[in-house]
Amino acid sequence: MSQLSAEHATDTAVESKVFDPDCHPLFREVPSSVEFKKLRKRLLRETRQAISDYKMVPDGASPEKTKWLICLSGGKDSYTLLAVLMDLKWRGLLPVDLIACNLDQSQPGFPQHILPEFFERYEIPNLIVRENTYGIVTDKLPETSTYCSLCSRLRRGILYRTARELGCEAIVLGHHRDDALETFMMNMFHGGRMASMPPKLVNDEGDLMVLRPLMNSSEADIEKFSKAMEFPIIPCNLCGSQDGLQRVQVKNMLQQWEKETPGRLGIMARALAHVRPSHLHDAKAFDFVGLRPNTGEKGESDQEPCAAAEAMTEKLFGNEF
């Protein structure tokens, strides 16, 4: 085990392990606790649901015809994504070929040995792509700038190119429920629009899918799973540009809400899939211009649009109104 992996393992509680030869190599030695089994089952269920709801796997898919590029950064999210998808494939529930891909961006201090050792140990088909995007970003931007936006665009372009070269239908990313909520709040606060991370989209060129199968899963569950699996985490702040980001502020705000009212983020995430255009203000999304009485045109509901007000009315007056 590498030094980085050993340090990460010491941060987790010591659990008894169970050995199971009849599973993917990633899961041959895992915690034996009921809590871990429930967590693993929950992540599998949530991922299967996302894949099904958004039809991420095309009709007639098979490992010979359909190939996904799993983008692995070395963080908890992408490790969990890889593990869950490998588990589903091993169980015969995901008829696609999976290739793990890491983009080594030549960041100072990046431990180049961690992921190759991990892939070899667990018999995972993989590709390491090395491109000096760090040098490009630091050359183009002043030291006081946040590198994330330009870095992300460069990284995505390289991953698209790699997917095309390998004949992949999709690149698969480890974004989860909390990422989607943070993006929604960022767009609302700073972009003046209501938009989030879609679970499935087509790239601008129209030749590749971008999939996010963990979109139903919480960051808290992913973190617990990652620690229990003792993944050799590579920190995401190697370039030193993460401090003070607006996204960090939004993340802290959401986490505080969840701490004060457990379950709130789950409710907010469900709202992303239950949109009422007639109760918003976008005339391009709903025909307000053509809406008139006695014309047969109706909004989606004439109920009180505020759920909190509905709940309070029901509590005070029951079914009187």
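**Exercise 1. A pair of phenylalanine rings**

Phe288 is partly exposed, with a relative accessible area of 30%, in a model that is predicted. Work out how Phe286 is classed by relative accessible area, and then which kind of aromatic pair Phe286 and Phe288 form.

*Solution.* Step one concerns accessibility: Phe286 has a relative accessible area of 15%, and because buried means under 20%, Phe286 is buried. Phe288, at 30%, is partly exposed.

Step two sets the rule for rings, which pair if their centres lie within 6.5 Å and count as edge-to-face if their planes are over 60 degrees apart. By this rule the model holds nine aromatic pairs. In the pair of Phe286 and Phe288 the centres are 4.9 Å apart and the planes stand at 65°, so the geometry is edge-to-face.

Step three looks at a cluster: ring pairs join Phe27, Phe36, Tyr79, Phe118, Phe119, Tyr122, Phe225 and Phe231.

**Exercise 2. Helix α2 against helix α8**

Decide which orientation class describes α2 and α8, and determine which residues make the contact between these helices.

*Solution.* Two packed helices are described by the angle between their axes and the distance between the axes. Helix α2 covers residues 34-53 and helix α8 covers residues 219-229; their axes lie 10 Å apart, at an angle of about 125°. Angles of 65 to 115 degrees count as roughly perpendicular and those over 145 as roughly antiparallel, and α2 and α8 are therefore oblique to each other. The crossing in which α2 passes α8 is left-handed.

The contact is formed on the α2 side by Phe36, Leu39, Arg40, Arg42 and Leu43, and on the α8 side by Asp221, Ile222, Lys224, Phe225, Ala228 and Met229. Sorted by class, the residues of this contact are seven nonpolar and four charged, with no polar residue. Phe36 and Phe225, both named in this contact, also belong to the cluster of rings.

**Exercise 3. Two further helix pairs**

Find which orientation class applies to α3 with α8 and to α7 with α10, and give the classes of the residues in each contact.

*Solution.* For α3 and α8, the packing angle is about 80° and the axes are 9 Å apart, which makes α3 roughly perpendicular to α8. Lys76, Asp77, Thr80 and Ala83 of α3 meet Glu219, Ile222, Glu223, Phe225 and Ser226 of α8. This contact comprises three nonpolar, two polar and four charged residues.

For α7 (residues 177-191) and α10 (residues 264-271), the angle is about 70° and the axes are 10 Å apart, so that α7 is likewise roughly perpendicular to α10. The crossing of α7 and α10 is left-handed. Arg177, Asp178, Leu181 and Met185 of α7 are in contact with Leu265, Gly266, Met268 and Ala269 of α10. By class, the contact of α7 with α10 has five nonpolar residues, one polar residue and two charged residues.

**Exercise 4. Leu69 and Leu72**

State whether Leu69 is buried or exposed, whether Leu72 is buried or exposed, and what each residue touches.

*Solution.* Leu69 sits in strand β3, residues 67-71, and with a relative accessibility of 0% it is buried. Leaving aside residues up to four places away in sequence, Leu69 touches residues including Ile99, Cys101, Leu159, Leu166 and Ala170. The C-alpha atoms of Leu69 and Ala170 are 6.3 Å apart, although 101 residues separate the two along the chain.

Leu72 belongs to the loop between β3 and α3 (76-90), and at 2% relative accessibility this residue is buried. Among the residues touched by Leu72, again not counting those up to four places away, are Tyr79, Leu82, Cys101, Leu115 and Phe119. Between the C-alpha atoms of Leu72 and Ala100, 28 residues apart along the chain, the separation is 6.3 Å.

For the protein chain of 321 residues, 40% count as buried. Of its contacts with a separation of 6 or more, 72% join residues 24 or more positions apart.

**Exercise 5. Two glutamates with positive phi**

Establish where Glu123 and Glu230 are found, and how each is classed by accessibility.

*Solution.* Most residues other than glycine have a negative phi. Glu123, which is not a glycine, has a positive phi of about 55°; it is found in the loop between α4 (114-121) and β5 (126-130), and at 53% relative accessibility Glu123 is exposed. Glu230 has a positive phi of about 55° as well. Glu230 lies in the loop between α8 and α9 (246-260), and its relative accessibility of 24% makes Glu230 partly exposed.

Terms used: Residues numbered from 1 in each chain as written. Predicted model: local features only at pLDDT ≥ 70, side-chain atom pairs only at ≥ 80, totals over all residues. Heavy atoms only, no water. Phe/Tyr/Trp six-rings, centres within 6.5 Å; stacked < 30°, edge-to-face > 60°. Buried < 20%, exposed > 50% of the residue type's maximum accessible area, 1.4 Å probe, protein only. Axes fitted to C-alpha atoms, helices over the stretch in contact; angles between N-to-C directions. Helix = DSSP H or I, 4+ residues; strand = E, 2+ residues; numbered from the N terminus. Parallel < 35°, antiparallel > 145°, perpendicular 65-115°, else oblique. Left-handed = near helix turned anticlockwise from the far one by under 90°. Contact = heavy atoms within 4.5 Å. Nonpolar A, V, L, I, M, F, W, Y, C, P; charged D, E, K, R; others polar.
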